[in-house]
Structures are given as C-alpha cells and as structure tokens.
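Trainee: Could you take me closely through one part of this model, namely its salt bridges, and then place a few other polar and charged features beside them?

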Amino acid sequence: MFNKIIKRGHRKGSKSVSNETFVTVNHSSVANFESQPPILSPLPQPSPIIPKYEIQNLPKFSDVSSSEKLNLFIKKTQLCCVLCDFNDPSKMTREKEIKHRNLQELVKFIQSDSSKINEQMQENLMRMISINIFRALPPAFHENTGSLPDVGEPDEEDAWLEPAWPHLQLVYEILLRYIVSNGADKKIAKRYIDHTFVLKLLDLFDTEDHREREYLKMVLHRIYGRFMSHRPFIRAGINNVFYRFIFETERHNGIGELLEILGSIINGFALPMKEEHKLFLVRAMLPLHKPKCVALYHQQLTYCVVQFVEKDYELADTVIRGLLRYWPVTNCQKEVLFLGELEEVLDVTHPAEFQQCMGPLFRQIGRCLTSPHFQVAERALFLWNNEHMVDLIAQNRNLLFPLILNPLEKNLQSHWNQAVHGLTANVRRMFEEMDAHLFEECKRQYEEKEARAQELEEQRELIWKKLEAVAAGSGVMVN
C-alpha cells in the first residue's frame, strides 16, 4: 500500500510545465530472474535547475562554416532545454515555433553529420533529451474520472494525449538517431545511456499517450540491440515492471509494448536456453495471464509464450499447465482468449510433451465444451479444426475418447444453442470415423453411467417420498 501511495503521489503532477529535470524512480524488486544483484532505487537527489536560456532565433547549420557548427550545435541544444507551456495554445507561440524549428535542425544534423558529434556535443545533447522527456506523468484515467481501477481502459477519444507532443516527438527522433548512429562513440554514449537512464525510460512506458509508448518501444529496443552490457539489466527491469503490475497494481499502460520488445528478445535467445530465461517464463510471463485486463495485451503475450515453446519444445508441458493454473472460472471472454492461445501452443507441441499433460488438459476442454456460454463452447469445438491437434488425439484416443465423448453427448442432449449442437455433431462424427469400435465402447460406458445415475436419482426421490409420508403421518409440517 505504501508503494502505491508513493507512486500515485509521483504521478499527480500537473500537465503544465515543470522545472524539474528528472523524476525520482522507485523500482522495488520482487525477484530477479537474471541472478543479478537486486536493482536498487537511486538515492533521492535534488533536481538540477534548468538554466533560463533566452529563446532567440539561431542560424541554420547550412548557413555557418564547419568550424562554427560545434558552438551552434551547443546553442541549439541549450535553447531546446527550455520547456514550453502547451496547456494554453495562446502562450509562448513564438518560443514554440523557434524550438520546433531548432529541433528539426538537430534531427537533420544528427542524421547527416553523426560522425562529427564529439563528447561535448553528446553531453549537451543527452542533457537536452533528459530535460524534455523525463517528467512526472499526469494522473491515470481512473484517478481523473473517479472510476474503479479495474473497469478497463478509456476509449480512444477519451484517452489523454501529451499536449507537448509536437516537441517530444522530435526529441525522441533525435534520441533514436543518436542511438543508431555509427559516428557517436559507443563508450561515450554509455556514460549517458546508463542504468538510471534505462529505469527512467521504463517508467515512461506507463504514459497514456500511445504515440509516446511506440517511440519508447523503439528506443528501448535499439538500446538493447546496441549496448550488450545493458541487456541483462533491461530484462531485469522489464521483469520488475511485470511483478509490480501482477502482484501490486494491475494497472499499467505499457505492458503490450514491453511484451513486443520481449517477443523480439526471446526470438534471439541462444540454445540450449538458459535457466534464467525459463524462470522468467514461469515467474513473470505465465502469471501475466492472471490480471483481469489481460485482453489488452493478450496478443503480444501469446506471441511470447509460443516463442518460448518454439525455442524449447520441452517447455510445452510447463506452459500448458501454467495456462490451466490461471484458467478463468467466471470470465467467459477471458476463457475464449485462453482457448485461442491454447490452440497456438498445441500447434507447436510435440507428442511426448503432449502426453505429459493431456489428462488435465482435456478435462478442462471437456468443461469448456459444456459451457452454457455459447462462445466458449464454440471456441472449444473449433479446436478440432486443427489438424495437428486431431493427430495428437488420434495417437492417444484410448485415454482421450472417454474424456471428450461424455461432454459431447451432454451437449447433444441438453445444450440450448443450435450452433453448438451442429458443431458437437460434427466432432462426434469425427470420433466415430476415427475408431468405430472404441467409439461404441465409450458410448456404451457413457450410457451405463447415465443409467446408474438415473437409477440413483429415482432411489433418492423414492426415499424423499417415504420421508414425506412418515412426516405427514406423524403430523409434522414438511415444506
């Protein structure tokens, strides 16, 4: 609770211009799958004071000699450190235009003359970038509206958009070009793009502005690709964001974008897969199925999970049992998503791994087949359109036929939806064609079981009637 209060306090900054360059980052680690020392929060430091540079027109780079470009570059970065008030369109119109023009000049300069960026220029450039992008985020949507935190995301027309985006977009463009430029010295760049810088980037992923999250995704992915020494730290940082989301807040705007980055990272894992990566799957990736808002990032999550199974087929049993562990009980829309993900996982599952988990798996599928929610029942029946799954069932039909035939017969007898009736009949016919003798045997066992159940029900009713008669004879009122 204390962490939530601290986090909310940090986010309730105004959208207006702030003189604080950096925000305090609080990254409490639940666990570290990288076997690294825990990520400690940097000690609170007083925010540096942004110098008050006067907004004035500066010449273009093309209008000065090569010897003057260094000083002009520094002046332009200092000018762009001034933050403009975008909450009021009538304020600072001249300053906004001048800063926008200079940011465009810096983008073109870095793209064309990256080899001429020396250490002094890099220092001023990264300072300008930090002053502009690292800021306190506004309150979340549910805090502004007073709605419950688990009701869902705001509609696109209601989502908050960063008013200073015309400038921020250019700053992110500069940062992207700086990271990928071959002319910038990598050793010098690491002084500024350090662990603290990465942690602050991860904090920004919680912004409600989807445009900024797209740029953050590209920036973090480029940093991961260029600075190999940062890779374990970035993975650990993403892991900690997931932990806070799963076990504390269940509120974060950037889970989908972080999963997109991880999808590319997982695809590049070397084989045999390290134990720390498997722990990440079990401790962070699979528990992401638990939050109620899983639909917001389920597509990206499914891609990452399937990537793990494709990389190491032995993980199929772990993944399927993890899905069964977090299988929804009362959320039907979430259940439909799980069935879709299950089909994709089964599509890359080998027969040996399938045999390890097919018992509990098909007991759950049987429950889905008889679900009163027709979309769940339909989606479960659609699994038989997958040829690979049908082959796996055929190889293990002696065990699976009894588990599936009973729900199919119940559907034909009592399910209210006609579409489910039709699909059930098709699947039943498929089983009969697959092994007619086994099908008849399972059908006979089902009929015997139903007959015994009917007999027990009749006996129970008879006992109640006798009790009612006895109670009536003794003058006892029976409700």
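Mentor: Let us start with a pair of side chains that are out of reach of the surface by the cut-off used here: Arg 235 and Glu 276 are both buried, each having under 20% relative accessible area. This is a predicted model, and in it the two side chains meet in a salt bridge with an N to O distance of 3.7 Å. The pair ties together distant parts of the chain, since Arg 235 lies in helix 10 (residues 231–249) and Glu 276 in helix 12 (residues 275–285), with their positions 41 residues apart in the numbering.

That bridge belongs to a wider set, for a search of the whole structure finds 18 salt bridges. Side chains of opposite charge can pair when their charged atoms come close. Another of these pairs is Asp 85 with Lys 91, whose closest N and O atoms are 4.0 Å apart. Here the two partners differ in their cover, because Asp 85 is buried at a relative accessible area of 14%, whereas Lys 91 is partly exposed at 42%.

A further pair sits within one helix: Glu 457 forms a salt bridge with Arg 460, and the closest N and O atoms are 2.6 Å apart. Because these residues are three apart in helix 21 (residues 436–473), they are separated by about one helical turn. Glu 457 is partly exposed, with a relative accessible area of 31%, and Arg 460 is likewise partly exposed, at 41% relative accessibility. Beyond such pairs, Arg 135, Glu 162 and Glu 212 are joined into one network by salt bridges that share partners.

Charge also gathers on the surface without such pairing: Lys 60, Arg 94, Arg 101 and Lys 108 form a patch of positive charge there, and the residues of a patch have no salt bridge. Of these, Arg 94 is placed in helix 3 (residues 93–112) and is partly exposed, with a relative accessible area of 42%.

Finally, a polar contact that involves a serine deserves a place beside the charged pairs. Ser 264, in helix 11 (residues 255–267), has its side chain joined to that of His 221 by a polar contact of 3.0 Å. Ser 264 is partly exposed, with a relative accessible area of 37%, and its C-alpha atom is separated by 8.5 Å from that of Cys 304, although the two residues are 40 apart along the chain.

Technical notes. Residues numbered from 1 in each chain as written. Predicted model: local features only at pLDDT ≥ 70, side-chain atom pairs only at ≥ 80, totals over all residues. Heavy atoms only, no water. Patch = residues over 30% accessible without salt bridge, like charges linked within 9 Å, V, L, I, M, F, W, Y side chains within 5 Å. Areas by Shrake-Rupley, 256 points an atom, 1.4 Å probe, with all protein chains shown as cover. Lys, Arg positive; Asp, Glu negative; His and termini not counted. Charge placed at Lys NZ, Arg CZ, Asp CG, Glu CD. Helix = DSSP H or I, 4+ residues; strand = E, 2+ residues; numbered from the N terminus. Buried < 20%, exposed > 50% of the residue type's maximum accessible area, 1.4 Å probe, protein only. Polar contact = N/O pair within 3.5 Å; in protein donor to acceptor, adjacent residues only side chain to side chain.
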